[in-house]
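Here is a short set of exercises with worked solutions to try with the viewer open. Read each task, have a go yourself, and then follow the steps.

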Amino acid sequence: MQSASSKLALCALIVGCSSSPSQPDAGPDAGAPALAGHSSAMAITHDGATLYVVNPDADSVSVVDTAGRTLSREVLLGASHPELDGSGNFAPAVMPRALALSPDEKTLYVPGERSGALHVVDVASGAVTKSVPLCSEPVGVLVSQDGASVFAACSQDDSVVRVDTASMTVAARVAVGTEPWALAASSDGKTLFATQFLTAQVTPIDVASFTAKSPMLVPDVAPRGDKRLAHGQPRGFYDAETRPGTSELWVVGALLATDTAQPDLDFESTAFAELSVLNADGSLQRTLSINAQDVAGTNGAISDVVSGPHTVVFTRDGAFALVVNTNSEDVLVMDAAQHVESSLLHPLPGHQPEAIVFSPDETHAYLQERNTNDVVVLDVTRSATGMILAVDGAPIATLASDPMPATMRLGQHLFYSANSDEYPITKNHWISCATCHMEGRSDAVTWRFAQGPRDTPTNAGGTIGTGFLFRTADRQKVQDYWRTINTEQGGNFDPNVPAEATLLDAIENYVDHGIPLPIAPTTDPQKVAQGQTVFQNNGCNGCHSGPRFTDSGAGNATLDLTGPVILHDVGTCVTSGPFNDVAHTDIDNDARAACMFDTPSLNGVSSSPPYFHDGSAATLADAASRMLSGTGKGPLSQEDLDALVEYLRSL
């Protein structure tokens, strides 16, 4: 018989499972729901017979028979699968990113990133029995071991909510830092950790009182001489899990090396996959990362080049961790005790892996591949010295048919892929478009480009209707980014080669039609109306005009780079310090002044801090105040400023 501790460790591998439905582990605080595991896009039953997998681009959950390796059922979470609208845009109505299985295995809890609801699925019938309104863009989810509470991370509302499953209502809400994403439980089950996707920290939440504690900060890694030694600002905290038998919290993300300036900035010095190992007191124990393979002084003993860590899971004894890398399309095995790589499974049979779970006996693991809509079965061989993974048979299809058009699906693959074995979009599996445009949006850092300091803009909502591209109108279409691919990603694209131009067209199709605008944060309608008046009365709509809130491209329907090109000096030019804005030429060698800037769209602006071309405004309030001051319209009263920010958040 298993001990209680080994049961709990096993549960750490299974989203939302419990020690026993009849004898829930209540944890150290009477009445406080104990937690185990972490949020995931997959869940497996205690007997290993059934696997549940979310399909973000199909608005559904797939039920997989692991013995027969077949798709048993697809559960639609909305009225139908997504379809292209009249403008050719593809926007799922639900977009599930994670799910949790109740302790009695009778119910699935699935938050919809775009529906803003918790969809409750009866496992027996496959029916959605209830959709509980939660918040804006819920992502991570976890269920208590007694089944009484479900927790969800509300990424755009900067909060975590607790749902009472008896009444199926939101029972509590706690504010955390910017953009909470994944949820994980502490080893004792009484603390809930929420990763913050773009702010390099994790917020612990006391489960009993449902109050936030001081955030656990993940510090920058300073440069170490050679630019190819891992360093930079941590971002993209997709997942976290507590290592069984310890109080260590492992957080996956990337280090973005914003200290290196072009032309020195290249694929080996832009970003580094990393694992942050945090102690119970919030201190950093160690950063595990990659380096160029021929550089001495490794930082964490990940000896192979991997990119885009998305998920981490542990064996039940905590000896090994599996890390799913979305961009390099592989699975890294880490010796968790020694903090070194044990092995790497590369390549995989499909694309865009995002989640993994072990079978209960840990002889197999199941890997979700989002882009190819399948599950890969992996054989797990463990020895005294390591662990080896191998693909076991053909992937299991999770959809009968793919609702996303084939060209857009190819563009999605190219956007997220750093797999240079397939396409000339990167070099050595290092950098993808999504490395910086995380989730198709921003990485919240400022890079030292040849033109000057440049904050990463969001691609959400696409570029159609936003006019010129780049901060100083240096490009006119997504296909022009072949130069970025070749410069920062180490790619080898030639837009004049028909086959490669076709790939660029596929990327454009995905960027312009397959990355929907964010769902706006929850706002106060009265304040929004007041803020709209403030926006108009202060002339903000003079530049931020039209449906995309920009005058870029006005009077120039073909976006001819030679002109007319409307640019503005808004007082944000960087003219002193270590890295300044400079005069330069656009992609066609037309002159661009150092301090004249293109008007950015305001659609989805709340999801892309910091602001301005150099990222110098941390918040919308900072940006609005500086803009009004620079145009002679400010300052506003605090009431009007608050209302203006609320209006901007609603766009």
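## Exercise 1: Pairing in a sheet

In strand β7, V110 has H119 as its bridge partner. This comes from a predicted model, as does everything that follows.

**Task.** Work out how β6 and β7 pair, and find which strands stand at the edges of their sheet.

**Solution.**
- Step 1. Begin with the two strands: β6 covers residues 107-111 and β7 covers residues 117-122. Five bridges link β6 to β7, and the sense of the pairing is antiparallel.
- Step 2. Now widen the view to the sheet. Four strands make up an open sheet, ordered β5-β6-β7-β8, with antiparallel pairing.
- Step 3. Look at the ends of that order. β5 (100-101) and β8 (127-133) each have a single partner strand, so one side of each is left without a neighbour in the sheet.

## Exercise 2: A second four-stranded sheet

**Task.** For the open sheet that contains β9, β10, β11 and β12, find the order of the strands and the average twist.

**Solution.**
- Step 1. The strand order is β9-β10-β11-β12, and the pairing is antiparallel.
- Step 2. At the edges are β9 (138-143) and β12 (169-175), each of which pairs on one side only.
- Step 3. From one strand to the next, the twist averages 25°.
- Step 4. Zoom in on one pair: β11 (residues 159-164) is joined to β12 by six bridges, and the two run antiparallel. For a concrete pair to pick out, S159 has A175 of β12 as its bridge partner.

## Exercise 3: Two helix crossings

**Task.** Describe how α3 packs against α6, then do likewise for α7 and α9.

**Solution.**
- Step 1. Know what to look for. Two packed helices are described by the angle between their axes and the distance between the axes.
- Step 2. Take α3 (residues 406-416) and α6 (residues 498-513): their axes come within 7 Å and cross at roughly 95°. α3 and α6 are therefore roughly perpendicular to each other.
- Step 3. List who touches whom. α3 contributes T407, M408, L410, G411, Q412, L414, F415 and Y416, while α6 contributes L503, A506, I507, N509, Y510, V511 and H513.
- Step 4. Sort the residues of this contact by class: 10 are nonpolar, five are polar and none is charged.
- Step 5. Move to α7 (residues 525-537) and α9 (residues 638-650). Their axes come within 7 Å and cross at roughly 100°, which makes α7 roughly perpendicular to α9.
- Step 6. On the α7 side are K527, V528, Q530, G531, Q532, V534 and F535; facing them in α9 are E639, D640, A643, L644, E646, Y647, L648 and S650.
- Step 7. The classes for the contact of α7 with α9 are seven nonpolar, four polar and four charged.

## Exercise 4: Enclosed and open spaces

**Task.** Characterise the largest cavity and the second largest pocket by volume and lining.

**Solution.**
- Step 1. Across the whole structure there are five cavities of 30 Å³ or more. The largest cavity has a volume of about 220 Å³.
- Step 2. The largest cavity is lined by 23 residues, and G308, P309, N327, A434 and T435 are the closest to its centre.
- Step 3. Map the lining onto elements. β18 (233-242), β19 (249-256), β20 (271-278), β22 (309-314) and α4 (433-436) each give at least two residues to the lining of the largest cavity.
- Step 4. By class, the lining of the largest cavity holds 12 nonpolar, eight polar and three charged residues.
- Step 5. Turn to the second largest pocket, with about 400 Å³ of space. Of its 20 lining residues, D158, T178, S606, P609 and Y611 lie nearest the centre.
- Step 6. The lining of this second largest pocket has nine nonpolar, seven polar and four charged residues.

## Exercise 5: Backbone exceptions

**Task.** Locate the cis peptide bond between G563 and P564, the one between P609 and P610, and the positive phi of R69.

**Solution.**
- Step 1. Recall the background. Most residues other than glycine have a negative phi, and most peptide bonds are trans.
- Step 2. The bond from G563 to P564 is cis, with omega near 0°. P564 sits in the loop between α7 and β33 (584-585).
- Step 3. The bond joining P609 and P610 is cis, with omega about -5°. P610 is in the loop between β34 (591-592) and α8 (620-630). You have met P609 already, among the residues nearest the centre of the second largest pocket.
- Step 4. R69 is not a glycine, yet its phi is positive, at about 50°. Look for R69 in the loop between β3 (60-65) and β4 (70-76).

Terms used:
Residues are numbered from 1 along each chain as its sequence is written. This is a predicted model: local features need pLDDT of at least 70, side-chain atom pairs count only at pLDDT 80 or more; totals for chains, interfaces and linings use all residues. Side-chain values use heavy atoms; hydrogens and water are left out. Axes are lines fitted to C-alpha atoms, for helices over the stretch in contact, and angles run from 0 to 180 degrees between N-to-C directions. Angles under 35 degrees count as roughly parallel, over 145 as roughly antiparallel, 65 to 115 as roughly perpendicular and the rest as oblique. Contact means heavy atoms within 4.5 Å. Ala, Val, Leu, Ile, Met, Phe, Trp, Tyr, Cys and Pro count as nonpolar, Asp, Glu, Lys and Arg as charged, and the others, Gly among them, as polar. On a 1 Å grid over the protein atoms alone, a cavity is a set of points where a 1.4 Å probe fits but cannot get out, and a pocket is an open set with protein on both sides within 12 Å along at least five of seven lines; lining residues have an atom within 4 Å of a point. Grid points are joined across faces, edges and corners, and a volume is the space filled by probe spheres set on the points. Two strands pair if DSSP finds at least two bridges between them.
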